[in-house]
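Colleague: I am new to this structure. Please take me through its helix packing and its core.

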Amino acid sequence: MKTFLTTSVLALSLATGASAEGKLSLYHWFEYIPQELLDKFAEEYDVEVTMDTFDSNEALLAALKAGKMGSYDLAVPGDYMVKIMGDEGMLDTFEPGELSNFGNIEDKWLDVDFDPGRKSSIPYQWGSTSFSVNKEVYDGPLDSLSLIFEPPAELKGKINVLDTSGETLTLASLYLGIPQCSSDREQLKALNALVQAAKPDWASFGSDVAKDVLVSGDAAAGMIWSGFSAKARAEGAPIEYVFPKEGMIVWMDNVVLLKDAPNRENALKFMDFLLEPENAAAVTNYAQYTAGVKGVEEFLDPEVANSPESNPPADVKGVFVEACAQDVQEMYDAIWTNLKK
């Protein structure tokens, strides 16, 4: 499990100084929602909003288990983590009729395996996880996860890897062609051997810096989320986002209603607010992923809508990270812990 990333609390209040009719407490990914949208909600509903951030799904789970339950109204876990949190009894439920914009959810994201019928969550943004390469450092083929796990000389010692076991080990499994959540000892040995052999070629483990190290040139290649790659390009990094022949991760982040939410009514208001197309598009324009909400197209910036990261080739394989059974997860945790030593 990752160490909980502590950040300063972001307190939003009305410029008039008027007392708020209520509060809303968010637990959110870093750099993933525009300040202007939080201000807009605070003003429209006269609600004081506070937000803490995390840098991985595992950090979110660890913090909630460590005593943060009851402190937050909403969190923003990835697909597989929604299921884990539901199984752990961390989520509250709501009825579709409690959200006037529930019908704005795109059909393909409505009845999902990790939350059938959307009883505890709404879609936030979706995208992919792969890696980007500095084309000025390496000018060879950009088509394989071998560039991360068995890199050429140009990239050795210049690679940043996401500090999240679910995504890093899933990409490694895709490269090896083995199933996720495998309990086969030989496959697990091969997975451990691959990442241990690759570790000396990696410069760093970092999720919150995944974009910055590519922009600064401190890394010549790095695992990265699609929107972060697009942001890095916009900031001048000479990179290309790779769609590997072995496959990539597809994910959806979701806003979940937490059990024992201290401000349940305001939490539902904010969920409904995020399902308005203009507001969902504001998140997409900022984060450069894709909304799971109908009607956002007219509000999207053209460079975001046409981003290569958001428009993968039709033949690329995408997989969701799976939630493993507890006994199997313990073996993957051991591989990860050993890797991070």
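Modeller: A crossing is left-handed if the near helix is turned anticlockwise from the far one by less than a right angle, and right-handed if clockwise. The model is predicted, so local features need pLDDT of at least 70 and side-chain atom pairs pLDDT 80 or more, while totals for chains, interfaces and linings use all residues. Residues are numbered from 1 along each chain as its sequence is written, and side-chain values use heavy atoms, without hydrogens and water.

Colleague: Is the crossing of α1 and α9 left-handed or right-handed?

Modeller: Helices α1 (residues 35–45) and α9 (residues 264–274) have axes 11 Å apart and an angle of about 125° (axes are fitted to C-alpha atoms over the stretch in contact, angles running from 0 to 180 degrees between N-to-C directions; helices are DSSP H or I runs of at least four residues, strands E runs of at least two, numbered from the N terminus). That makes α1 oblique to α9 (neither under 35, over 145, nor 65 to 115 degrees). The crossing is right-handed.

Colleague: Which residues in α9 does α1 meet?

Modeller: Contact means heavy atoms within 4.5 Å. From α1, Leu-37, Leu-38, Lys-40, Phe-41, Glu-44 and Tyr-45 meet Asn-266, Lys-269, Phe-270, Phe-273 and Leu-274.

Colleague: Which residues touch the most other members of the largest nonpolar core?

Modeller: Such a core joins buried (under 20% relative accessible area, 1.4 Å probe, protein chains only) Ala, Val, Leu, Ile, Met, Phe, Trp, Tyr and Cys through side-chain atoms within 4.5 Å. Among the contacts of Phe-270 are Leu-24, Ile-33 and Leu-74. Of the 113 core residues, those touching the most other members are Met-85, Phe-149 and Phe-270.

Colleague: Which elements do the buried residues of α3 pack against?

Modeller: In α3 (residues 79–87), the buried residues are Asp-79, Tyr-80, Met-81, Val-82 and Met-85. They pack against α2, α5 and β10.

Terms used: Buried < 20%, exposed > 50% of the residue type's maximum accessible area, 1.4 Å probe, protein only. Lists of a residue's contacts leave out its neighbours within four places in sequence.
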